[in-house]
Amino acid sequence: MLHSMKGRNSVLYFCSRRALSSFIPRYEFPKYNIALSDFKGHQVKALKKFQYLAPQLNMVLELRDLRAPLSTRNVLFDRFFMDGNEKIKRLIVYTKKDYMPQSAALFETLTRWHNEMKEDFIILDGKSRNDVKNLMKVIEWQSNKLVENDVPLPMGYRILVTGMPNVGKSTLVNSLRYINYSKRNPNSKGAKVSRTGDQAGVTRSTSEIIRISKDNATQGIYLIDSPGIGLPGRVSNQSRILAQALCNCVKETLIDPVVQADYLLFLMNLQKMKNNIEWYPDYKTNPTNDIYTVFNRCYDMHKLSETTAAIAWINHWKRKGKNVLFDVEPLLVSGEFSYKDYLIKDLQKIEDFSVENTKLNIPGASKQVFV
Ligand SMILES: Nc1nc2c(ncn2[C@@H]2O[C@H](COP(=O)(O)OP(=O)(O)O)[C@@H](O)[C@H]2O)c(=O)[nH]1
Ligand SMILES: [Mg+2]
């Protein structure tokens with residue numbers, strides 16, 4: 001596979017030996033024979049549990065990774081809101097804002113898309129106190145609205161935190177709990193209640209209900225963390241799974257690291273590179289469409305295999321890389337892409353998909369954890 005990739009791009013590689021102004025990036029990424037889905041049994045179980053929890057939910061925070069706003073969007077959640085759960089307040093939360101600090105154009109695009117769908121969204125860094133405080137204000141405002149309208153909240157205001165694996169659900173749960181806890185106990189750090197990690201699948205069950213606030217006229221505000229839910233194969237495709245791989249939403253080993261690295265190079269060449277010289281030496285004087293050329297510029301390839309170089313390059317990016325979108329649609333001008341059509345196509349593909357057809361059981365009563 002690796003050699004065919006090199007062969008296919010050799011013409012473009014030759015063309016690319018010129019300065020940035022005349023460089024032609026690839027506009028299409030070659031097709032590879034890679035896995036398109038990482039959908040698992042425990043995720044089906046979580047989806048069933050959502051339906052079971054739905055009657056007690058007041059709000060769903062649906063997290064997506066800002067770098068891949070479309071590929072980390074899961075149409076299964078759209079279905080959840082359409083299947084009799086329209087009354088639950090839905091707030092889309094784009095996380096990892098700190099990886100896209102120079103993205104005013106992206107914010108405008110998201111505003112246009114979500115206005116079209118009449119959806120509310122917020123963009124944040126789940127580790128930033130200020131950002132999380134702002135989200136808390138929105139939550140309190142929503143909960144107070146129900147209180148003012150005399151909506152009974154016998155179990156408190158309950159919020160499910162959902163999204164694909166690794167989008168930052170447990171981090172946000174911990175941050176929300178922490179800002180509320182430290183408000184009441186200024187000298188304490190507040191224990192972490194949800195396990196976090198930079199791998200897909202750290203949270204495996206939807207069990208704990210975490211009280212984050214007592215400052216409400218009701219029984220309080222509660223969060224429910226949940227395992228990430230991936231895309232079923234029928235709605236997946238190569239660019240989505242590659243974007244998810246770059247966000248760590250799928251198992252690290254699912255996709256050949258050289259293909260992941262090549263996809264990142266493809267995206268870098270389509271976008272304006274800023275301060276990414278660490279990953280792409282000589283970008284301005286000698287841009288290239290050949291990932292092996294980039295590896296050669298970064299590492300001593302007499303000592304490393306191509307796979308080892310790809311893993312090192314991609315992992316370094318995942319830790320520190322900034323300002324590259326993993327989805328290409330936000331780069332298109334508004335008339336070229338319709339967010340609504342995109343969603344409708346996905347909904348059509350899952351029309352006859354049913355979690356009820358699976359044989360997994362819903363787990364029993366939930367455990368409560370009070371602050
Ligand atoms: N830079 C950055 N990292 C984040 C953010 N939110 C979560 N993370 C990191 O992303 C990884 C996955 O987070 P986690 O909360 O376990 O994701 P979950 O699988 O959705 O529960 C962890 O390494 C977190 O530290 C964020 O807003 N910005
Ligand atoms: Mg988690």
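The following legends describe close-up views of a predicted model.

**Figure 1. Overview of the predicted chain****.** Eleven helices and seven strands make up the secondary structure of the chain. Of its 371 residues, 53% are buried. Among contacts between residues at least 6 apart in sequence, 77% join residues at least 24 apart. The chain exposes about 17400 Å², of which 51% is supplied by carbon and sulfur atoms.

**Figure 2. Surroundings of D346 in helix α11****.** Helix α11 spans residues 339–349 and includes D346. The relative accessible area of D346 is 1%; because this value is under 20%, the residue counts as buried. Beyond its neighbours within four places in sequence, D346 is in contact with R73, V75, V235 and R240. With one of these residues, R73, the contact involves both side chains: a polar contact of 3.5 Å joins them to each other. V75 lies 271 residues from D346 along the chain, yet the C-alpha atoms of the two residues are separated by 6.4 Å.

**Figure 3. Crossing of helices α3 and α11****.** Helix α3 comprises residues 75–82, and its axis comes within 10 Å of that of α11. The two axes cross at roughly 80°; the helices are therefore roughly perpendicular to each other. On the α3 side, the contact is made by V75, D78, R79 and M82. Helix α11 contributes L343, D346 and L347. By residue class, the contact of α3 with α11 contains four nonpolar and three charged residues, and no polar ones. D346, shown in the preceding view as a buried residue, thus reappears here as part of the contact between the helices.

**Figure 4. Surroundings of H114 in helix α4****.** H114 belongs to helix α4, which runs over residues 104–117. Its relative accessibility is 0%, and H114 therefore counts as buried. When residues up to four places away in sequence are set aside, H114 touches R64, I92, Y94, E119, F121 and Y339. With E119, one of these residues, H114 makes a polar contact between side chains at 2.7 Å.

**Figure 5. Side-chain polar contacts of the two buried residues D346 and H114****.** This view brings together the pairs introduced above. In helix α11, the side chain of D346 is joined to that of R73 by a polar contact of 3.5 Å. In helix α4, the side chain of H114 is paired with that of E119 through a polar contact of 2.7 Å.

Definitions and conventions: Residues are numbered from 1 along each chain as its sequence is written. Chains are lettered from A and ligands numbered from 1 in the order in which they are written. This is a predicted model: local features need pLDDT of at least 70, side-chain atom pairs count only at pLDDT 80 or more; totals for chains, interfaces and linings use all residues. Side-chain values use heavy atoms; hydrogens and water are left out. Helices (H or I, at least four residues) and strands (E, at least two) are DSSP runs, numbered from the N terminus. Buried means under 20% relative accessible area, exposed over 50%, partly exposed in between (1.4 Å probe, protein chains only). Contact means heavy atoms within 4.5 Å. Accessible areas come from the Shrake-Rupley method with a 1.4 Å probe; for residues, only the protein chains shown count as cover. A polar contact is a pair of N or O atoms within 3.5 Å; within protein, one must be able to donate a hydrogen and the other to accept it, and residues adjacent in sequence count only if both atoms are side-chain atoms. Axes are lines fitted to C-alpha atoms, for helices over the stretch in contact, and angles run from 0 to 180 degrees between N-to-C directions. Angles under 35 degrees count as roughly parallel, over 145 as roughly antiparallel, 65 to 115 as roughly perpendicular and the rest as oblique. Ala, Val, Leu, Ile, Met, Phe, Trp, Tyr, Cys and Pro count as nonpolar, Asp, Glu, Lys and Arg as charged, and the others, Gly among them, as polar.
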